[in-house]
Amino acid sequence: MKYALRNINTSSQSSIAVLLSALLWGTTGAAASFISDVNPMAVGAFSMGIGGILLALTARKKLIEECLLLSHSWRIVLIGSLSLTVYPQAFYSSMHFAGVAVGNVISIASAPFMTVIIERLLLNKKQITFRWLFSAVLGTAGIVLLTLSEDYSTQAITEDSSRQIGVLLGLLAALTYAGYTCAAKKLMEQGAHSTSAMGSIFCCASLFLLPTLLFTGEHLFSSIENTVAVWYLALVPMFLGYLCFGFGLRFIPASKATLLTLFEPVVAVCLAVIIVKEVIAPTGWLGMGLIMVCLIIQASEKDETRKGLIKEYSKAG
């Protein structure tokens, strides 16, 4: 019985860890607002690249201990690394072509559904529950309302062809986000520690991301504001954020983890109001309310495995 209760507590802590990672990721927009004259793809490559190196250094002991396991699972590591390499490029390009609002909606709101498709169809996981589907609908509706509350009068109008390209890139960003999340989860299910699973994927992705700075990194450190901001992005949202995400992902399904990260845009909007002085319409606050309901449903979920453990150890006790 004590083991079952400890299992439940661990699952709750994992949900909190994922929410904390989303909180840290939500600060990226406000931090990036202090960066000027820099290609946004360079910001993503530097922050994820440096964050990945730090994650690998933190996990160096586990990486050495589990090198045989990871070498046997090299295909999963490669898929996760390639997904993580494509993700920031697709995400920032989506916002460039389709606009910040559409790019964010497609990339963030589509990720949980992409994860479910990978988990259920490719990884043969259990069927979608009504609870998950209901909370996903609430969260997605919240994201849409939050985005539509933005003042479009300040945005540049994009051509239809560019917007379509942006939507496709947003879907690619969501798919690759789900791809590296499921790859990390698969490594953990095969026995890898969360730090080594995340460290191996991020280290390999860094080898692909950092060289792109030779072409996109102009003015990255041209001012004190730029330097402080990009290092903050690398150390806090990317390094600490993904450290928390890796811990949480070890004990909860990838589909639940990606749904919990819908907390990220709520944090981003609140900081935009406080720091960047943006104005949010009432529909935006309604959207944040729906997202919070979605998060409460997911964070309080007790899956069948945990229920089974309770029954089993209750009988044994």
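**Notes on the aromatic pairs and helix H3**

1. A good place to begin is the cluster that ring pairs build from Trp25, Tyr87, Phe91, Tyr177, Tyr180, Phe202, Tyr242 and Phe245. Please keep in mind that this is a predicted model.

2. The count of aromatic pairs comes to 14. One of them joins Phe130 and Phe134, whose rings are stacked, with 6.0 Å from centre to centre and 15° between the planes. Both residues belong to helix H8 (residues 130–148), where a spacing of four residues puts about one helical turn between Phe130 and Phe134. As a reminder, an α-helix has 3.6 residues a turn, so residues three or four places apart point the same way. Phe130 is exposed, at a relative accessible area of 66%, while Phe134 is partly exposed, at 40%.

3. Next, have a look at Tyr180 and Phe202, both members of the cluster. Their ring centres are 6.2 Å apart and their planes meet at 85°, so this pair is edge-to-face. Because Tyr180 sits in helix H9 (residues 160–189) and Phe202 in helix H10 (residues 194–209), the pair ties together parts 22 residues apart in sequence. Tyr180 and Phe202 are both buried.

4. Lastly, helix H3 (residues 40–58). Its 19 residues reach 27 Å from the first C-alpha to the last, close to the 27 Å expected at 1.5 Å a residue. At the start of H3, Asn39 brings a side-chain oxygen to within 2.9 Å of the backbone nitrogen of Met41.

Note on methods: Residues are numbered from 1 along each chain as its sequence is written. This is a predicted model: local features need pLDDT of at least 70, side-chain atom pairs count only at pLDDT 80 or more; totals for chains, interfaces and linings use all residues. Side-chain values use heavy atoms; hydrogens and water are left out. Helices (H or I, at least four residues) and strands (E, at least two) are DSSP runs, numbered from the N terminus. The expected span of a helix is 1.5 Å times one less than its number of residues. A polar contact is a pair of N or O atoms within 3.5 Å; within protein, one must be able to donate a hydrogen and the other to accept it, and residues adjacent in sequence count only if both atoms are side-chain atoms. Rings of Phe, Tyr and Trp (its six-membered ring) pair if their centres lie within 6.5 Å; planes under 30 degrees apart count as stacked, over 60 as edge-to-face and the rest as tilted. Buried means under 20% relative accessible area, exposed over 50%, partly exposed in between (1.4 Å probe, protein chains only).
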